[in-house]
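Me: I would like to go through this model by question and answer, with each answer reasoned out before the value or name is given. Please set out the terms as they come up.

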Amino acid sequence: MNTSIKFGISLTDLAEKLQLSTKQICCGIQLIPNAIEISPSKYYFLLSEEVQQSVQQAILAALIECDVDVHITTTNETEDYYYKIQDSDSFVQEILKRMNDDGEPLYPQAEDVIRSTLFKMVITTIEEPKDNDKQLFIDFQKVAILVAHNLFRRKIIWIEEELYQEWQAKIPGTTTDPTMTTQLLLKKGVAVAIEGNKKWKYLPIEKLSKTPKERFLQLFDCKEQWTKDELEYYLPPLPLVVGKNNDKTKMLDDFLMKFTSKYESATTAYYFRKDEE
């Protein structure tokens, strides 16, 4: 696949254009799913959806076809699942092969794009020492989320049981995380439960507006009523989510009061689209 990428902008230039510190820029870039860093020159650019998906598909294919083992480690009484890549250099070459299935030259930054994408998928909660610098520990849940996005691109709405079975079957490896349920899709901003939690509907958070009013309109277009717990997963990274003294709860309540109508049953509060005044 010969996909051209326009080279990016340096960290210094970004900081100057946005009038922010380089530290602030680095923190912000980590929140942008399709932002890629080219090291060691510290240049950044945004991947198109097509390129991003092609890299992700090649990573999934390499995990399956290279038969990468799933490992489990216990940290603070919590089990973490991850893929152990013994030689990251060799694994990157395997991914490149799967991106170059038509035999055409890839764009010059392809290897850097792969490495940057893999870096974002590294598990951060384990303390297992590496045998060498080439080892890479990839987060099982992050891979599972990529698989979920693939399923929803095929079909926007799934019956829960069918979704769960297909999802588990498509995740690379023979080991599954027993704690990983469809609720992970809500927590990661992939999909929401509808029709009394019998079905799941695709709603990727990265596709939603960054403007609070527009974000709420999009949420209610997808689903008529929400609980506070559900909405909380779909509000960040809206501006002003954190108020004075880092009071996230108060700021969330302010958002709900401004943009929603509330109905309380005996056990649960539900939020609806607010009528235009």
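Reply: Two strands count as paired if DSSP finds at least two bridges between them, and strands (E, at least two residues) and helices (H or I, at least four) are DSSP runs numbered from the N terminus. The model is predicted, so local features need pLDDT of at least 70 and side-chain atom pairs count only at pLDDT 80 or more, while totals for chains, interfaces and linings use all residues. Residues are numbered from 1 along each chain as its sequence is written, and side-chain values use heavy atoms, with hydrogens and water left out.

Me: In what order do the strands of the open sheet of 3 strands stand?
Reply: Strands of a sheet pair through backbone hydrogen bonds, either parallel or antiparallel. In this open sheet the pairing is antiparallel, and the twist averages 30° from one strand to the next, where angles run from 0 to 180 degrees between the N-to-C directions of axes fitted to C-alpha atoms, for helices over the stretch in contact. The order of the strands is 7-9-8.

Me: Which strands stand at the edges, each with a single partner strand?
Reply: A strand with a single partner has one side left without a neighbour in the sheet, and this is so for each edge strand here. The edge strands are strand 7 (157-159) and strand 8 (191-194).

Me: Which residue of strand 9 stands opposite I159?
Reply: Strand 7 pairs with strand 9 (residues 199-202) in the antiparallel sense, over 3 bridges. Opposite I159, the residue in strand 9 is K199.

Me: At about what angle does helix 7 run to strand 7?
Reply: Helix 6 lies across strand 7, strand 8 and strand 9, and runs at about 90° to strand 9. Helix 7 also packs on the sheet, touching strand 7 and strand 9, with contact meaning heavy atoms within 4.5 Å. The direction of helix 7 makes with that of strand 7 an angle of about 95°.

Me: Which residue forms a salt bridge with E166?
Reply: A salt bridge is a side-chain nitrogen of Lys or Arg within 4 Å of a carboxyl oxygen of Asp or Glu, and the pair with E166 meets this rule with its closest N and O atoms 3.6 Å apart. The pair links distant parts of the chain, from E166 in helix 7 (residues 160-170) to a residue in helix 6 (residues 140-154), 12 residues apart. E166 is partly exposed at 24% relative accessibility, whereas its partner is exposed at 54%, with buried meaning under 20% relative accessible area, exposed over 50% and partly exposed in between (1.4 Å probe, protein chains only). That partner is R154.

Me: How far apart are the closest N and O atoms of D253 and K228?
Reply: This salt bridge also links distant parts of the chain, with D253 in helix 11 (residues 248-259) and K228 in helix 10 (residues 228-234), 25 residues apart. D253 is partly exposed at 31% relative accessibility, and K228 is partly exposed at 27%. Their closest N and O atoms are apart by 2.7 Å.

Me: Which residues are linked with E94 in a network of salt bridges?
Reply: E94 and K97 both lie in helix 4 (residues 88-99), 3 residues apart, about one turn of the helix, and their closest N and O atoms are 3.5 Å apart. E94 is partly exposed at 23% relative accessibility, while K97 is exposed at 55%. The residues linked with E94 in the network are E65, K97 and R98.

Me: Which residues of helix 5 are buried?
Reply: The buried residues of helix 5 (residues 110-120) pack against strand 2 (35-38), strand 3 (43-46), helix 3, helix 4 and strand 6 (136-139). They are A110, V113, I114, S116, T117 and L118.

Me: Is D67, with its positive phi, buried or exposed?
Reply: D67 lies in the loop between helix 3 (49-65) and strand 4 (70-75), and its phi is near 55°, a positive value in a residue other than glycine. With a relative accessible area of 61%, D67 is exposed.
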